[in-house]
Amino acid sequence: MKIKGQPGFVRDTYSGAVINNDIEEYKLYKERRKKSIEKDKRIEQLEDKIGRLENLVDELIRQNKD
């Protein structure tokens with residue numbers, strides 16, 4: 001059942017749920033989600049690299065103290 005004034009949305013007659021059936025909008029959503037996941041992975045990789053660099057700096061400082 002179509003929702004009045006909301007193109008691209010329908011209501012499931014069984015559950016009453018509102019469903020977006022706009023395929024192009026769904027493709028855009030999937031692409032945005034993919035980019036967001038990639039960005040999160042990149043941030044995590046950079047955080048790991050920073051942690052390793054901090055450990056190396058600490059080790060160098062300890063070696064110079066001896």
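## Report on a predicted protein chain

Read from start to end of the sequence, the protein chain follows the pattern β-β-α, with 1 helix and 2 strands in total, where helices (H or I, at least four residues) and strands (E, at least two) are DSSP runs numbered from the N terminus. Its radius of gyration is 25 Å, well over the 11 Å that the globule rule gives for 66 residues, so the protein chain is more spread out than a compact globule; the radius is taken over C-alpha atoms, and the rule is 2.2 Å times the number of residues to the power 0.38.

This is a predicted model, in which local features need pLDDT of at least 70 and side-chain atom pairs count only at pLDDT 80 or more, while totals for chains, interfaces and linings use all residues. Residues are numbered from 1 along each chain as its sequence is written, and side-chain values use heavy atoms, with hydrogens and water left out.

| Property of the protein chain | Value |
|---|---|
| Span of the C-alpha trace along its principal axes | about 75 × 25 × 15 Å |
| Share of buried residues (under 20% relative accessible area) | 2% of the 66 residues |
| Exposed area (Shrake-Rupley method, 1.4 Å probe) | about 6,500 Å² |
| Part of that area from carbon and sulfur atoms | 54% |

On the surface, Asp40, Glu44, Glu47 and Asp48 form a negative patch, a term for residues with over 30% relative accessible area and no salt bridge (a side-chain nitrogen of Lys or Arg within 4 Å of a carboxyl oxygen of Asp or Glu), like charges being joined within 9 Å. Of these residues, Glu47 lies in helix H1, residues 23-65, and Glu47 is exposed (over 50%), with a relative accessible area of 51%.

Definitions and conventions: Patches are made of residues with over 30% relative accessible area and no salt bridge: like charges are joined within 9 Å, nonpolar side chains (Val, Leu, Ile, Met, Phe, Trp, Tyr) within 5 Å. Lys and Arg count as positive and Asp and Glu as negative; His and the chain ends are not counted. The place of a charge is taken as NZ of Lys, CZ of Arg, CG of Asp or CD of Glu. Buried means under 20% relative accessible area, exposed over 50%, partly exposed in between (1.4 Å probe, protein chains only).
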